[in-house]
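Reader: I would like to go through the pockets, the packing and a few single positions of this model. Could we take them one at a time, with the reasoning spelled out?

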Amino acid sequence: MASHKQLNLTLRVWRQASATAKGEFRDYKVYGISPDMSFLEMLDVLNEQLLADGEEPVAFDHDCREGICGTCSLMINGQAHGPDRQTTTCQLYMRRFEDGDTITIEPWRAKAFPVLRDLVTDRSALDNIIAAGGYVSVRTGQAPEGNSQLIPRQDQESALDAAVCIGCGACVAACKNASAMLFTSAKVSHLAQLPQGQPERATRVLKMIEAHDAAGFGGCTNTEECEAACPEGISVSHIARLNREYIRAMWTSPVGASGQGEGGGHG
């Protein structure tokens, strides 16, 4: 049954007019917030209020509002996507907060994620990691018959567990080193366990690690904050597989043997 209790809140929001402007926190009051609103719907209410007062609305990223696109990336009271486990910001509901609460809202904080405006960051560094090797370049033609390539169930499930990564960057925001190792390992681990990913297996991990380090992401020190913050609950065991794939590629790939692709961002 829906709750009818209304919430009056203080929002401490990071405001920054542009990438080059100096940012600051500003406090706003919102009243009569329904506990059944999502966090983004609450921000919509704030923006309607700001527009009515002749102020600039707060810029924030969003798209699907269904927890599948990874766009709604916010740090809420110091936690990536807020206090709920395995939840994106758009799936966080205001019933999680109490009347009179002060909620601090800020963008991802990482060198590789520069703030563009307010709560919006440039996360194209993750796209660059994918572009470096997170794909299968062979021509597949028509989809093959389902049983033509038998894959052990354990490998199927592990690959799919990695493939669910939505690229939101919460792992980076939660990591004290701003490492994107969980993201990178999910993309590498997914393809490394499937037959389609074998032809480029060695070069893929070397190129993706190189892109990770070039973007300015930090190194992994295994504190596992990334797994705790991940809305899909992706396991750090994939980082262990990434390290094994990296060492294997360094010994077996001509790219690795020549010293290219070496990076210090891996854990």
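Reader: Of the nonpolar, polar and charged residues in the lining of the second largest pocket, how many belong to each class?

Author: In this predicted model, the second largest pocket holds about 150 Å³ of space. Its lining includes Arg15, Lys22, Glu24, Arg26, Glu55, Glu56, Arg117 and Asp118, and charged residues count as Asp, Glu, Lys and Arg. The lining thus divides into 3 nonpolar, 1 polar and 8 charged residues.

Reader: Which strand provides the largest share of the lining of the second largest pocket?

Author: Among the residues lining the second largest pocket are Glu24, Arg26 and Tyr28. The strand with the largest share of that lining contributes 3 residues and spans residues 24–33, and this strand is S2.

Reader: Which helix gives the most to the lining of the largest pocket?

Author: The largest pocket has a volume of about 200 Å³ and a lining of 18 residues, with Gln79, Ala80, Gly82, Ala228 and Ala229 lying nearest its centre. Two or more lining residues come from each of strand S4 (79–80), helix H4 (170–174) and helix H7 (225–229). The element that gives the most, with 3 residues, is H7.

Reader: How many residues of the lining of the largest pocket are charged?

Author: When the lining of the largest pocket is sorted by class, 9 residues are nonpolar and 6 are polar. The charged residues in that lining number 3.

Reader: Why do the buried residues of helix H3 lie on the same side of H3?

Author: Helix H3 covers residues 153–163, and within it Ser158, Ala159 and Ala162 are buried. Arg153 and Leu160 are exposed on the other side of H3, while the cover over the buried residues includes helix H5 (181–192) and helix H8 (237–252). Ser158, Ala159 and Ala162 are on the same side of H3 because the arc they cover around the axis is only 100°.

Reader: Which helix gives the most to the largest nonpolar core?

Author: The largest nonpolar core has 41 residues, and those with the most contacts inside it are Trp108, Phe113, Val172, Leu182, Val205 and Phe217. Helix H2 (124–133), H4, H5, helix H6 (201–214), H7 and H8 each supply at least two residues of this core. The helix that gives the most, with 6 residues, is H6.

Reader: How many residues does the second, separate core have?

Author: Apart from the largest nonpolar core there is a second, separate one, which includes Leu9, Phe60, Ile76 and Ile103. The number of residues in this second core is 26.

Reader: Which residues does Val205 touch, not counting residues up to four places away in sequence?

Author: Val205 is one of the residues with the most contacts inside the largest nonpolar core. Once residues up to four places away in sequence are set aside, the residues that Val205 touches are Val188, Leu242, Glu245, Tyr246 and Ala249.

Reader: What does Glu225 count as in terms of relative accessibility?

Author: Glu225 is found in helix H7, and its relative accessibility is 42%. Buried residues fall under 20% and exposed ones over 50%, so Glu225, at 42%, counts as partly exposed.

Reader: How many Å apart in space are Gln196 and Gln149, C-alpha to C-alpha?

Author: Gln196 has its place in the loop between H5 and H6 and is partly exposed, with a relative accessible area of 37%. Leaving aside neighbours within four places in sequence, Gln196 is in contact with Val136 and Gln149. Gln196 and Gln149 are 47 residues apart in sequence, and their C-alpha to C-alpha distance in space is 9.6 Å.

Methods:
Residues are numbered from 1 along each chain as its sequence is written. This is a predicted model: local features need pLDDT of at least 70, side-chain atom pairs count only at pLDDT 80 or more; totals for chains, interfaces and linings use all residues. Side-chain values use heavy atoms; hydrogens and water are left out. On a 1 Å grid over the protein atoms alone, a cavity is a set of points where a 1.4 Å probe fits but cannot get out, and a pocket is an open set with protein on both sides within 12 Å along at least five of seven lines; lining residues have an atom within 4 Å of a point. Grid points are joined across faces, edges and corners, and a volume is the space filled by probe spheres set on the points. Helices (H or I, at least four residues) and strands (E, at least two) are DSSP runs, numbered from the N terminus. Buried means under 20% relative accessible area, exposed over 50%, partly exposed in between (1.4 Å probe, protein chains only). The arc is that of the directions from the helix axis to the C-beta atoms. Contact means heavy atoms within 4.5 Å. A nonpolar core is a set of buried Ala, Val, Leu, Ile, Met, Phe, Trp, Tyr and Cys residues joined through side-chain atoms within 4.5 Å.
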